[in-house]
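Hi,

Here is the structure I promised to pass on to you. Have a look at it first, and then read my notes below.

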Amino acid sequence: MPIIKRTYIALSTVILAAVVGLLIITIQYNWLFNNTSAWVTHTVAVQQENTRALASLRSYELGRSGLGSLEDHLQNIRRLTTDNGLQQARIDSLIRLIDAQPRIFLPDPDPPPHKSAIESIRDLILRMVDEEDRLLVWRQSANARSYRLQRDATISLLGLVFALLCISTWIILYNFKRRKTAEKDLVDSQQQTMKALLREKELNETKSRFVALASHEFKTPLSVILSSTNLIERYIGQGMEEQRSRHLRRIRSNVDNLKTLLNDFLSVERLEVGGVRNDPALTDTVKLSGEVIQDMEEACKEGQRFEIIVRGQRRPAIVDQHLLRNILNNLLSNAIKYSPNGSIIVLTLQFDDNIILIRVADNGIGIPAGEQEHLFERFFRATNTGGVSGTGLGLSIVKKYLDLMEGTIAVESRPGAGTTVTVSLPYRPTDRDPAQDLVPDAMPA
């Protein structure tokens, strides 16, 4: 039997026993109190008869009546004191004395011959009164004691019942709270287990995808690098500089692709283990964007070019420069990969009152509408990407970076009509004069 159930049974038994004990003791003391009260009433009635007997004796002594009423009172006293042998003996003595007295008293100027008998009768009645007074005092004391006992017993047992009820209520609430805590701990433990299992499953899937992706994505650039290296060896004579340069560009481009792949996987790893932190600092976002564009120009396809547009009052912002640089690298890299040769990629920086908007717009292949909800999922790639290399990690990494920076990202795209990615970052004003931080820079066209 569970310990909680045993506890409830024990408490119920104790409470039931206390209630039964309360009833028994209350009945017992109530009976005693009623008896002592009856005794007091009985003794008072005897004293009243004694008083009437003295009054009758006084009337007889004054010659106003006979002894009939005195005998009646004595008979009443006899009936009331049947349990008192001493009083019964005194009443018998009184009756004998009364029987020896004349029925009617005739006044005489001399002391009546029965004076001594009357004094004897009065003395016996007064002794009876003293006896009843003693009994009355004793019975009144016993009545008071029985009342106190009844009251104290009732209060004590009621207090016991109240204490037991309080204890049982506390135990019930404690067990209820402990059960709720145990259930919550169990649910939390199950949730933690499920999270761990899901994380393990996701990690296994990530490893599997990484192996599959690495075997495909790394193989192509390495093959291109190897073939270009072999071809360069053939173009060692004069007049072959153009062929050598073309293959060197291919090598650099594929090395950059490998570098991008490795950076994506390293970024995911650091984000998973919490190794990436937001460390904001005063930053000229326009200047930083220009530096990123200059670094990305070598990765552009033939004829592709960048255009940067600044709207609003240019001023510094407090952002993490490293995270912002990685965000721009990912967005611009996607725009380059999925846009055709000779296209223009537009980077717009808009300074509003409380936020900075960064838009990257291209005229590339676009994203199918039904697939856009999965853009920020790890390893997701749209079905129309074709043979364009990629890991499917870029936008998921950007989303996590923006979560750290308290920013947001939105994508607008139509297949064949290009894609516009809008990043919103909170603008935190500083006390410094923007003119001290901004120096006009030549922006690349």
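To start you off: how far does helix 6 (residues 285–296) reach from its first C-alpha to its last? The answer is 16 Å for its twelve residues, close to the 16 Å expected at 1.5 Å a residue. Keep in mind throughout that this is a predicted model.

Now the overall picture. The protein has nine helices and seven strands. Of its 445 residues, 36% count as buried. The accessible surface comes to about 26400 Å², and 58% of that belongs to carbon and sulfur atoms. If you take the contacts between residues at least 6 apart in sequence, 74% of them join residues at least 24 apart.

Back to helix 6. At its start, a side-chain oxygen of D284 comes to within 3.2 Å of the backbone nitrogen of V286. The helix has a good list of buried residues, including V286, L288, V292, I293 and M296. What do its buried residues pack against? You'll find strand 1 (281–283), strand 2 (305–311), strand 3 (317–319), helix 7 and strand 4 (344–351) there.

Helix 7 has a similar story to tell. A side-chain oxygen of D320 reaches to within 2.9 Å of the backbone nitrogen of H322 at the start of this helix. Its 17 residues should span 24 Å at 1.5 Å a residue, and the end C-alpha atoms are indeed 24 Å apart, which agrees. Among the buried residues of helix 7 are L324, I327, L328, L331 and L332, along with the polar N326 and N330.

That brings me to the cores. The largest nonpolar core has 43 residues, and those with the most contacts inside it are F306, I327, L332, L347, I358, V423 and L425. Helix 7 (residues 321–337) gives this core its largest share, eight residues. There is also a second, separate core of 17 residues, which includes V46, A53, I95 and I98.

I358 is a good place to zoom in. Setting aside residues up to four places away in sequence, I358 touches L324, L328, L347, T348, V421, T422, V423 and L425.

Next, the strands. Strand 2 and strand 4 run parallel and are joined by seven bridges, with R311 standing opposite Q350 in strand 4. On to strand 5 (residues 355–361): strand 4 pairs with it in the antiparallel sense, over six bridges. In that pairing, F351 has I356 of strand 5 as its bridge partner. Three residues lie between strands 4 and 5, and the two form a hairpin.

Is strand 4 largely enclosed or open? Seven of its eight residues are buried, so the rest of the structure largely encloses it. T348 is one residue of strand 4 to click on. T348 counts as buried because its relative accessibility is 8%, below the 20% cut-off. Leaving aside neighbours within four places in sequence, T348 is in contact with I309, R311, L357, I358 and R359.

One last oddity. Most residues other than glycine have a negative phi. E406, though, has a phi near 65°, a positive value in a residue other than glycine. Where does E406 lie? It sits in the loop between helix 8 (394–404) and strand 6 (408–414), and E406 is exposed, with a relative accessible area of 58%.

Happy browsing!

Methods:
Residues numbered from 1 in each chain as written. Predicted model: local features only at pLDDT ≥ 70, side-chain atom pairs only at ≥ 80, totals over all residues. Heavy atoms only, no water. Core = buried A, V, L, I, M, F, W, Y, C linked by side-chain atoms within 4.5 Å. Buried < 20%, exposed > 50% of the residue type's maximum accessible area, 1.4 Å probe, protein only. Helix = DSSP H or I, 4+ residues; strand = E, 2+ residues; numbered from the N terminus. Contact = heavy atoms within 4.5 Å. Expected span 1.5 Å × (residues − 1). Polar contact = N/O pair within 3.5 Å; in protein donor to acceptor, adjacent residues only side chain to side chain. Areas by Shrake-Rupley, 256 points an atom, 1.4 Å probe, with all protein chains shown as cover. Pairing = 2+ DSSP bridges.
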